[in-house]
Structure formats: C-alpha cells, structure tokens
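Let's take a look around a protein model together. Have the sequence and the 3D view open as you read.

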Amino acid sequence: MNIPAKHALLVSLTTAISGGVFLTIAARWFKLPAIILLLAGGVALGPEGIGLVQPSSLEEVLPVILSLAVGLILFEGGLTLDLRGFARGSRAITRLLSVGVLATWLATAFCVWAIFKTSPAFAVLAGSLVIVTGPTVIGPLLKRIKIVPQLHTILHWEGVAIDAIGVFVAVLCFEWVSGGSGEMAIAKFGVRIVSGLAMGALGGYAIVAAFKKRLIPSHLLNAFTLAAATLIFGVTECIISEAGLLSVTLAGLIVGWYRPVELKQIQTFKAEITDLLIGMLFLLLAPRLRFEQFHDFGLPGVALVACVIFIVRPLNIGLSMWGSGLSVREKLFLSWVAPRGIVAASMASLFAIALVEQGIESEASARFLESFVYSVIVATVVIQGFTAGPLAKLLRLQRPAPDGWLIVSAGAFTRRLARFIRETTGRDVMILDTNARLVSETVAAGLPALCENAMNTELAEERIEFQKLGHLLALTDNSELNELLCNRWSEALGTEQVYRWSATRLQTPSPGGERQIVFPKMSRPSVIDSEIAAGDAWMETLEVSNVPPAFNGQPLLVARGEEITPMTDSYDLTTLKPGDRVLTLRRPPGFLARSIERVADLQVLTLSELYDQLAEFAVACRPSISREQVRRELSAQGESNLPAMMGRGVAIPHVYSAGLDRHLSILVRLSDCLPLPQEGEPLRLIFFVISPAGDPEGHLAALAEIARFCADHEHREKLYSAPTPEEALAMLRRG
C-alpha cells in the first residue's frame, strides 16, 4: 500500500495503537495468548503484508517510544508486586534474581557462541536479551492455570523484578560490544544502579506523600500517576540513559508497598494502559521482521531456541533452587515455564537499530538478534502457554477447586451465617467490609474478616486467603451494589456461584444467566443485625426429619454433607432430605408489644395538627428520623386515604424512614374525638408505625398485628379508657 510520506508516521502510529487494542480483544475472545495475534498482526500490517505500518517512518522516534512504553509497563508491574508473597518465597525469588540471572545469561551466551561461532562479546549480548521472562506474558498465564500459591508468587515476582535487572545487564553488555572498556562499562553500570534507585525512591515517596496529603483531586488520580511515572522515567533518563527503567519499577514498588486507598483505582487504570502499550509496541516492532531473516536463522536457530528452553532454563532452576526446599515436582514446573515478552522484544529491536546505526555490527548480525529473541518469544509463549496447565495438573500443582464462601458485609447476621457454614460443613469463609469497626468485631468473634473493598476482584489473585473461596454472598443493604458485586465476581467464580440479597423480589436476566436472589422474604440485613442485637430475632439450626419440614422461621441456608445451598425463591423445599441441616431466622410474634415505645394523650382540632405532633413524637423517640420527611409522607398519605383509617375510630398512619434500624410504633389517644369527613365514627386511637426502609415484610406484619388487636372491641375500649398513658402502654406490652 502506497502511503504519502507525510502521512506515514501518522498512519503507522494510529494503526499500531488501534490495531493493538483490537487484536488484544480478539485474543481474549478466542482464548489465545495475545502475543501470538499481535506478532502475526504486526507482520501482516507491515511491509511484509499490507504496509500500513512503515518502520522507516519511525526511525527517529521509535527508540524513545519503546523506552517510555517499557518504563510505564514496568511501573505497573511494580504496583502489582505483593511483598507479603515475597516473604513466603523470598529465598527462591532472590536466588532466581541472582544465581538464576547469571545462569541464564552465561549459559545462553555459550550456546550462541558454540552454535553460531559469534564473537564472545556478541554472544554475551545475545544471551542477556533472553534473561527476562516478563509480567506481560506470565501474568495472564498464571491467572489461567491457577497453580499453588508459592509457585504463583515465585513466577510473578520473577516476571516483574527480572525485567529491570535484565535490561541493566543487557545495557552493560551493549556498552561492552560497542567498544567501551570493561572498567568503563562496569563504572557506568554502577552509576545507573545508583541513579535509578535514588530517583525511583524519590519519585515513589513523592507520589505516596501526594496521596496521603490529598493533594490530588479524585478525578485526576489516574492522570497524575501516569504523569508522575513518565516524569520519573524522563528525569532519570536525562541524568543517565537506561536508568529510567529501574527508577520507575522501584517507584511502582514503593507505591504498592504503602497501599494507599487510591491503589486499586490506579492499578486498574495502569493495567488498561499497559494492555494498550503492549499491543502498540508489538505492532510497531513486528513489521521490522522479514521472512528471510528467519529462513537464514534456519536449523541452527531451532537448535539454539531448543537449548534455551530445554537446557538453559532447567539449569537456571537447578542452580538457583538448590537447597530452597521446593519439591522435585515444583522444580520441574519452574524449569518448564519461562515465557518471554515485550521487554525482550523491545530491547532486541533497540539494540539491533543501534548496532547498525553506530556501525558496530553488520545488518545481518543485528537481524540475528531480532530473529533469535523473537523466536524464543514465540516458542516459549506458544509451547509453554498451551502446556503449562496440563503439566501443572499432571504434577498435582494446581490449586484445588475453591469451595469456600466470601460474604460481603460484616454484622451479627452475617457472622451467624459464616459460623453455620464453617461449623456444619468445614468450608472456609471470609467476611469483607469497609467498616473497620465491624471487621474488628468479626475478628474478635473468631471469624476471618478483612477491611477491603469487595469491588476489587483482584483480591482473588493477590491474597492467598481468597484462593479457597468459590462462592459469593453479597449481603449489603444496597441492592444495586449487591447486583454489581455479583456481576464482577461471576467472572472469577462463575454465574451459578454468586448470590445476592435484594430489596425487590424481581429477578432480572444477567449476561451470564439468572442472578440468584437469596432470602427473598428477609428485611434489610442491617435491620436483622439490630433485631438480633436487641433480642427481637435470632437464628437457629433445624435438622430435617420429615419432608417437607414445617419451619417456625425463615429458612436461609441448607447444609447437606459438605455442601451449602442458600435459599432462593426457586428453592423447592420438597427436595430436602432427612439429615439436612437448615439455618432459620426467627422473628417471633408479639411485634406490637415489642415495638410500641410511647403512648401519648393529645387534643387536636385538625389532621394537620395531628401530623405535626406525630412527627414530633417520632423524632423524640428516635433523633435519627427526619421530621420533615415524616411530616411530608403523613400529609401525602392523608390526602390519598385519610390517615390510613381502619374504621371503629382507629387509624394506622405508617411511613418508612432511612434513619431507623428497628421498628417504632407510637399510640396516640385523642382526648376529644376528631371528626373526619366520610367517616361515620370519629377518630379516637392512632397507631403510628415507622419502619426501617427496606423492610416491607416487617412493616406489613406490624400493620396486620395492630389490625388484629384493634378488631377486638374490648381491646379498643381498654386502651382508650386506661387512666394514664403509662397504664395503656403496660396493657399493650402484656398483650
């Protein structure tokens, strides 16, 4: 395709950015390693294909783009490093990053020298380019195969931390090849280390300080972090070239170590930027490749790649894991899994360009570097990517299928659910809440709990505690939040394994199937918490003997053997079997006696005066109630059906209030009966009922009990004729 020279750069960049994202999405759809489609797409879009991406148009800017993009990728990698995980495998990780690096570097260099008869200096440079494994390929692989935590930690740390080390070693080798003396190369290497560490520490702590002091508006957090990482990289590179990668990696590690509240938001944004950059880089680099260079690489090249996979990596693991305590099976797995990614490709292309431009090596030698590194990338990603899962299964290194329960919301109600699950089935449980006080109370009660945001589904991979959890119970008071949580976690756990409480009993379709609403007749969880704390509700376990059983309360969970099934609208009670254990919620009768908190005598002339007094009484009993809201709802109710008249001189005005956690009832006796239009008998008794928002079942139960009580003429007369409000209240509480 012929593109005007003035448009070539624009077309190349726009094609690389957009095409990289589209191919990454396609790889997710087809469940393929993204690198494979990106490399193939890069070649197809380059001069060997339709020619949309022209490497010649990028000659001046490509090195800068590559360096900056790799720096931002490493910053994101530093953010994701789990220092708690490092503590679990610190010895193995440190030896991989020291002994392992030397083993891979020198053994690969020897293979290059022995097979291709290159100069020792050039062989050492080629060996340095395949030291790195890369988080961009190891991360998705680990998410897919789900290996045991220790191996997961070792491979993830190696993938992130080894990038900066590998780049430094490669730069040291390049300076040696480019003509610098050994002493000079080592001196520059030391200066780079010091500069990178100093600038990375300074930049990382500056970012953390800005977050702690709340200097950054929330809507600019992502932009600030991206700008800060770019600035750290740029300033360090201006001080001494090739030190920026270490500085941004360390800066990301420091921010991740301090775990500011903004970290999850930043990690999500940076992960998206990283996906964009990886796709762009491969589509800018792959067009540089020519078919003939791989033909020239030939069978000796195949032998060299085989040596890297089947000899060098096992040698690396054998030396670095000596005395580590890892089993033979774990060492075998580590010996097989070492896919290379974008950092190796970027350094190979950068050095190939520099070697030719500076006249240090021939174009054939430069092409050899690219052919070698890209061949290792393709071979390791394809072969190891498709075989790592079966190998982990064969070696029995995959994590067992998770069967524990993650419960979102900490309180008396959810603590009882968690204890039932753990005591009856032995399953693991974890309670999440952002309320530190409730989390502390849960931990004090002997149950595992964390103060974390349940919207962060990365917890499933980041925290070892979550790797045994395979079910979700979203039990916050917010129905919409519960639905959103189920949508998020269904991607990791499966649609059939996520359950939610909802204030509405209407089930709506979701992308993965039907959302499962639990405890459909239950009030808000916080209302149940309050009733349990006040002794107005409790939970008990019933062992099924007869089918279908007769429940004295609302069934919540069914335990059969080691399996737990939450009660949903669609649960068929006839499927219960003798021996099943059912956790039930009991809310005993006598609601009226428990909820009446005040009896007052009034003399009013109008409904408006009555409403004013009722609102005043409500606020006096519970200051959290909004007087204005109660007054407004009473007026609206009175306009529609008078004050909820039930006849015989009795009215039951009733409203909901978000400021309540328990029901409130107030009895008002009118000294002078209040005549009402369209009512034959004047108003004498008013039962004012206020219920917590989100408890329609309890609200209706209260109204029904009052109606039953007042249907008895003797009850009405006793209440009205009691000498004092106190005696009327005592009579109500006696039933």
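What follows is a short walk through the cores, one long-listed helix, two odd backbone angles and some salt bridges.

First, keep in mind that this is a predicted model.

**The cores**

The largest nonpolar core holds 124 residues, and the members touching the most others are F333, I342, F351 and F372. Helix α7 (residues 149-177) supplies the largest share of this core, with 13 residues. Zoom in on F333: leaving aside residues up to four places away in sequence, its contacts are I145, I147, L151, L155, A388, L391, A392, L395 and L397. There's also a second, separate core of 30 residues, with A410, W501, A537 and M539 among them. Nonpolar side chains tend to be buried together in soluble globular proteins.

**Helix α15 and what comes after**

Remember A388 from the contacts of F333? Helix α15 bends by about 40° at A388, and the proline P390 follows within four residues. From its first C-alpha to its last, α15 reaches 45 Å with its 32 residues, close to the 46 Å expected at 1.5 Å a residue.

After α15 comes R396, with a positive phi near 60°. R396 sits in the loop between α15 (363-394) and β1 (404-408), and it counts as exposed at 61% relative accessibility. R214 also has a positive phi, near 55°. You'll find R214 in the loop between α8 (182-212) and α9 (221-239), where its relative accessible area of 53% makes it exposed. Most residues other than glycine have a negative phi.

**Salt bridges**

The count of salt bridges comes to 17. Here are three of them:

| Pair | Closest N to O |
|---|---|
| R427 and D403 | 2.6 Å |
| R427 and E562 | 3.9 Å |
| K718 and E714 | 3.1 Å |

What does the bridge between R427 and D403 tie together? R427 lies in the loop between α16 (412-425) and β2 (429-433), while D403 is in the loop between α15 and β1, so the pair joins parts 24 residues apart in sequence. R427 is buried, at 11% relative accessible area, whereas D403 is partly exposed at 28%.

The pair R427 and E562 ties together parts 135 residues apart in sequence, because E562 lies in the loop between β10 (554-560) and β11 (563-566). D403, R427, E562 and E563 are linked in a salt-bridge network.

K718 and E714 are four residues apart in helix α25 (residues 713-721), so about one helical turn separates them. K718 is partly exposed at 42%, and E714 is partly exposed at 47%.

Notes. Residues numbered from 1 in each chain as written. Predicted model: local features only at pLDDT ≥ 70, side-chain atom pairs only at ≥ 80, totals over all residues. Heavy atoms only, no water. Core = buried A, V, L, I, M, F, W, Y, C linked by side-chain atoms within 4.5 Å. Buried < 20%, exposed > 50% of the residue type's maximum accessible area, 1.4 Å probe, protein only. Helix = DSSP H or I, 4+ residues; strand = E, 2+ residues; numbered from the N terminus. Contact = heavy atoms within 4.5 Å. Expected span 1.5 Å × (residues − 1). Bend = angle between axes of the 7 residues up to and from the residue. Salt bridge = Lys/Arg side-chain N within 4 Å of Asp/Glu carboxyl O.
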